[in-house]
Amino acid sequence: MSTCSSVSRDFAEPVSGTAAIARTWLLIEQPGPWGAKALTSSHLDPALGRALEAAAKDTGVRIALIRRPGRHADRRMPTARQVYVAHVVPGNVWLRSASTSDPGQLLGLDFAALGRGDHRSFDTLLGGRPHDGDPLALVCTNGKRDRCCALLGRPLAAELATSGVDGVWEVTHLGGHRFSPTVLVLPYGYAYGRAEAHSLKEVLHGAREGRIVVEGCRGSSAWERPGQAAELAVRTTMGEYTAEALSVVRTAGAAPRWEVTVAHADGRRWQVEVAQGAALPARPESCGASVLGSPARMDVVAVREVRMATALAG
């Protein structure tokens, strides 16, 4: 049976430049079933879910629900929920953790500050501390959003968990169902598509050492889609895999063409031309879509290092 992920794989649709966009991730443990819009269709109080969505709007914070891999008993009242918040912009990357028995506390967070990379409200309100465990692997498993996420994501999460990989959680929605299984790795905020257990273990091993694996990488959620593609292209061209080495410092232009400036922590810069194309032939962008589409793809046209004398003259 054909699915959106099998069609995307058969057409070899590129994954670069397709990650969800968020400077900061707020993750809330919520056991039990999830609906398509999990914040308002799970055992989390829907009024609280709506209020959290409103509080995070336009702040750079993206909220998702998480649960441990395995069978999801219909438990309505977990005694204590794990909460994580991560800021993924290079130069100020951090991952904090806390627990709460009252998720309503989260409405007291300063979402604008969290989006800017300031975690003081999280620490003060919830007793947040630096996460001292392994990197987090967040596997999208929300079958109500797209069946591929359940059919492919849940077995991957279970395999990782049973093989002893720490930090594995199921997550509600990472976008790009057709790239299932999709995974977000924190603290650095890089997303991966068509993930397999062996390759993801290498990704997590790299994250523990502060390195990024570019194979299968959709991009860093810190950047808009042209920036995601540009940054990965520079990494590949220069063989630069240190996690926080590169930043997208400027994006000029508009669809269908951009010029993206990628900067290295050591001062080097690159100009990257990115063109928006259409993934053809038309295909289902998700299994729930009623019509075929031609999803946008980010194609890197050129990567050019900007010499310092040129940069100073400009």
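**Entry 1. The largest cavity**

I began with the elements around the largest cavity: strand 9 (190-192) and helix 6 (197-208) each supply at least two residues of its lining. The model I am reading is a predicted one. I recorded about 40 Å³ of space in this largest cavity. Its lining consists of Val 185, Tyr 188, Gly 189, Tyr 190, Tyr 192, Val 203, Ala 207, Arg 211, Ile 212 and Val 213. I sorted these residues by class and obtained eight nonpolar, one polar and one charged.

**Entry 2. The second largest cavity**

I then asked how many cavities of 30 Å³ or more there are. The count is two. The second largest cavity holds about 30 Å³. I listed Ala 19, Ala 20, Trp 25, Leu 174, Leu 184, Ala 191 and Ser 221 as its lining residues. By class, this lining has six nonpolar residues, one polar residue and no charged ones.

**Entry 3. The second largest pocket**

I next looked up the second largest pocket, whose space is about 170 Å³. I noted its lining as Val 15, Tyr 192, Gly 193, Arg 194, Ala 195, Ser 199, Leu 200, Glu 202, Val 203, Val 213, Glu 215 and Gly 216. Which helix gives the most to this lining? It is helix 6, with four residues. The class division for the pocket is six nonpolar, three polar and three charged.
I also compared the lists: Tyr 192, Val 203 and Val 213 line the pocket, and these three residues appear in the lining of the largest cavity as well.

**Entry 4. Helix 6**

Since helix 6 contributes to both the largest cavity and the second largest pocket, I checked its geometry. At 1.5 Å a residue, its 12 residues should span 16 Å, and the end C-alpha atoms are 16 Å apart, which agrees. I found Ala 197, Leu 200, Val 203, Leu 204, Gly 206 and Ala 207 buried in this helix. I kept in mind that an α-helix has 3.6 residues a turn, so residues three or four places apart point the same way. Just after helix 6, I noted a positive phi of about 75° at Gly 210.

**Entry 5. Strand 6**

I turned to strand 6 (residues 136-140) and found five of its five residues buried. Leu 136, Leu 138 and Cys 140 point one way from the strand, while Ala 137 and Val 139 point the other way.
I then looked for its partners. Strand 6 runs antiparallel to strand 8 (residues 183-186), to which four bridges join it. In that pairing, Leu 138 stands opposite Leu 184. With strand 7 (residues 168-171), strand 6 pairs in the parallel sense, also over four bridges. There, Cys 140 stands opposite Val 171.

**Entry 6. Strands 8 and 9**

Is strand 8 covered on one face or on both faces? I found both covered: Val 183 and Val 185 lie on one side, Leu 184 and Leu 186 on the other, and all are buried. Strand 8 is joined to strand 9 by three bridges, and the two run antiparallel. They form a hairpin with three residues between them, and Gly 189 in the turn has a positive phi of about 80°. Gly 189 also belongs to the lining of the largest cavity. Leu 184 stands opposite Ala 191 in strand 9, and I had already listed both among the residues lining the second largest cavity.

**Entry 7. Aromatic rings**

I searched the whole structure for aromatic pairs and found one. Tyr 84 and Trp 169 form this pair, which is edge-to-face, at 6.0 Å centre to centre and 75° between the planes. Tyr 84 lies in strand 3 and Trp 169 in strand 7, so the pair ties together parts that are 85 residues apart in sequence. I then checked the accessibility of each partner. Tyr 84 has a relative accessible area of 6% and is buried, because buried means under 20%. Trp 169, at 2%, counts as buried too.

**Entry 8. Gly 91**

Last, I looked at the loop between strand 3 (81-87) and strand 4 (94-100), where Gly 91 lies. Is Gly 91 buried or exposed? Its relative accessibility is 73%, so I entered Gly 91 as exposed. I also recorded a separation of 8.7 Å between the C-alpha atoms of Gly 91 and Ser 247, which are 156 residues apart along the chain.

How values were computed. Residues are numbered from 1 along each chain as its sequence is written. This is a predicted model: local features need pLDDT of at least 70, side-chain atom pairs count only at pLDDT 80 or more; totals for chains, interfaces and linings use all residues. Side-chain values use heavy atoms; hydrogens and water are left out. On a 1 Å grid over the protein atoms alone, a cavity is a set of points where a 1.4 Å probe fits but cannot get out, and a pocket is an open set with protein on both sides within 12 Å along at least five of seven lines; lining residues have an atom within 4 Å of a point. Grid points are joined across faces, edges and corners, and a volume is the space filled by probe spheres set on the points. Ala, Val, Leu, Ile, Met, Phe, Trp, Tyr, Cys and Pro count as nonpolar, Asp, Glu, Lys and Arg as charged, and the others, Gly among them, as polar. The expected span of a helix is 1.5 Å times one less than its number of residues. Buried means under 20% relative accessible area, exposed over 50%, partly exposed in between (1.4 Å probe, protein chains only). Two strands pair if DSSP finds at least two bridges between them. Rings of Phe, Tyr and Trp (its six-membered ring) pair if their centres lie within 6.5 Å; planes under 30 degrees apart count as stacked, over 60 as edge-to-face and the rest as tilted.
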